[in-house]
Each structure stands twice: as C-alpha cells, then as structure tokens.
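Okay, thanks for coming, everyone. I'll put a structure up that you probably haven't met before, and then walk you through it.

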Amino acid sequence: MSDSHPLLPTLARIAEALERLAPPAPAAPDLGAADAFVWHPGPPARLDPVPRVAAVGITLLQGVERQKALILENTLRFARGLPANNAMLWGARGMGKSSLVKAAHAAANAEVPGAIALVEIQREDVRTLPDLLNVLRADHQDPLRGGARRCLVFCDDLSFEREDADYKALKSVLDGGIEGRPANVLFYATSNRRHLMPRDMIENERSTAINPSEATEEKVSLSDRFGLWIGFHNCDQDTFFAMVEGYAASFGLPVSQDDLRRAAVEWSVTRGARSGRVAWQFVQDMAGRLGVRTNA
C-alpha cells in the first residue's frame, strides 16, 4: 500500500483509538516505597504499600520461645542473603502465628535495616501466586542495598477445601517449577490445620480410593514442601499468666500481680479459652479500665 493510499488516514485513526482503549502496562512497583505491601491481583495487578504494619514487638510474644527462635533465625538468614526455608506455622488458634511472622519481619529489618519487604497475599488469591512471583522476580533494584529487594510473601490462615485446586499453584511455587523460586523471595504461611485441609476430607478420600495412600498423597504432601514446619499448641495457665504479665509490664499497668492474675483467670473462663489472643484482649480491656493508653 502506497503512502498516498486514501485508507491510510482512516487506518491510522483506528490504530490510535485502539491504543487509547488498551489498558496501560502495569507500572513496576517501587519495593523501596515501604516495608510492607498488600498484593491485589487486579486487574490491574498492583502492590499497595502499607505505611504501618499492625504488629507487636517480638519480645512481647510469650509461651512460644522455641517457635520464636526458629522463625527469627530463619528470617534473619534471609535478610542477610543466606539460604533460608519457606515456613509453615500451624496449630492452635490465637497462639501468635501471624503475630510472630510480622514480629520476625520487624526484628529482621531492625537488625538489617530495610532488608525485607513483607508482601501479604490473601487466601482467595493464592492461585495468583505465580503472577506475584513474576512481579517480584523482575529486576526491581533497591537503591539502598543493590540488587532485587528481598520479599517475604505471607499468607495468613491458609487452608483448602474439597474440590479446591488452588493448592496446585502453591505446590508449583514451593517446588520452584521450571523457572525456580526467585532468590529474593521467601514464603511464610499460617494455618490452623496441620495438612491444610479438613481431616474428614482426608479420611473420605482414603476410604473410597482404590489406592488410599496415593489418593491423598498429592494434597497431604503439600505441607511437606515447607522446609520449616512449626507447630503451636494450646497453652497452660502458667504460660497464659506469662503472656498477660508480659503485656501488662510493657504497658505499665498499675495493678498487682495477684489482682492481674485473678482478673485474667476470670476473663479466660468467660471466654472458654487460654491463648495469646485472649491474653492480649484481656490486657486491652484492663488497660481501658485503668485509663492507660496502649496505642494498639
């Protein structure tokens, strides 16, 4: 077609209109803009910075000393550029699993300033994990440290139900796939379930399968792909008291140990449970009654 063809101006206008209608290419995220982000798969896909992470200091977490030591050491290795494992924190509700992840992230950044960005992904978005990793895999340079910034991808309350195939995306990420997991990315998850799925689902598949062990191996083995597997268990009364007294001392509550313990027992009985979450809620209530601000 010659340059003087009468259709050329019309075709040019059509091309320009199509360009205006096409969605703009996603902007590369600035991973140095904050220490934490929330992943939104879109469209358009984006990482929203979190100005302030809702976290408690790692020294306040009581009754989980072994778990705290394991996750903190693993996170510090990652912050220093050393090999580290993906981690699964599983077990009793309210025992500080997600609080420990956020506290370890803050502690690692205090030790190695700005080393790690915490990236939260929602359970319902797990299927988009490969997309998130592609975003983080790109050459987003951290001007303060050089190279791609290290990212701790975190999914809270992870579990899967019957006919839920999202676990396959997670398996691919944990195994690395053909591309391999990006060297600057680590994955932490918390769950109330040891194997990330209901017990009755496991038992039903075992009872109806021709080969029961093979029927559930693919799903149950998902938890095996976490190099670090940390269990959290229900706490006894002494541990509950340690949690309550640790929070009370941190906030400077003007109350005697005997009165504090007496009120804590009553609170736990009315709640029907003892856990780190119950201890925190009790201390918040006590601080309010005593007129002490906790900034929580």
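**A look at the aromatic rings and the pocket**

Let's start with one residue, Tyr247: at 6% relative accessibility, below the 20% cut-off, it counts as buried. Keep in mind as we go that what you're seeing is a predicted model.

So what does Tyr247 pair with? By the ring rule we get five aromatic pairs. In one of them, Tyr247 sits with Trp280: the ring centres are 5.0 Å apart and the planes are at 75 degrees, and because that angle is over 60, the pair is edge-to-face. Now look at where the two partners live. Tyr247 is in helix 8, residues 237-251, while Trp280 is in helix 10, residues 276-290, so this pair ties together parts that are 33 residues apart in sequence.

Trp280 has another partner, by the way. Phe251 and Trp280 also form an edge-to-face pair, with 5.8 Å from centre to centre and 65 degrees between the planes. Here again it's helix 8 on the Phe251 side and helix 10 on the Trp280 side, so that pair ties together parts 29 residues apart in sequence.

Buried or exposed, what about Phe251? Well, Phe251 has 17% relative accessibility, which is under 20%, so it counts as buried. Trp280, on the other hand, comes in at 23%, so that one counts as partly exposed. Put the ring pairs together and you have Tyr247, Phe251 and Trp280 linked into a cluster.

Okay, on to the pocket. The largest pocket has a volume of about 610 Å³. Which residues come closest to its centre? Out of 30 lining residues, those are Gly96, Ser98, Ser99, Arg277 and, yes, our friend Trp280. As for the elements that give two or more residues to the lining, they are helix 3 (97-111), strand 6 (185-191), helix 8 and helix 10. If you sort the lining by type, you find 11 nonpolar residues, 12 polar and seven charged.

Last thing, the confidence. The protein averages a pLDDT of 82, and 74% of the residues score at least 70. Where does pLDDT stay under 50? That's over residues 140-145, and for this stretch the model has 18 contacts beyond four places in sequence.

That's my tour, thanks for listening.

Technical notes
Residues numbered from 1 in each chain as written. Predicted model: local features only at pLDDT ≥ 70, side-chain atom pairs only at ≥ 80, totals over all residues. Heavy atoms only, no water. pLDDT = per-residue confidence, 0-100. Contact = heavy atoms within 4.5 Å. Phe/Tyr/Trp six-rings, centres within 6.5 Å; stacked < 30°, edge-to-face > 60°. Helix = DSSP H or I, 4+ residues; strand = E, 2+ residues; numbered from the N terminus. Buried < 20%, exposed > 50% of the residue type's maximum accessible area, 1.4 Å probe, protein only. 1 Å grid on protein atoms, 1.4 Å probe; cavity = no way out; pocket = protein on both sides within 12 Å on 5 of 7 lines; lining within 4 Å. Points joined across faces, edges and corners; volume = space filled by probe spheres on them. Nonpolar A, V, L, I, M, F, W, Y, C, P; charged D, E, K, R; others polar.
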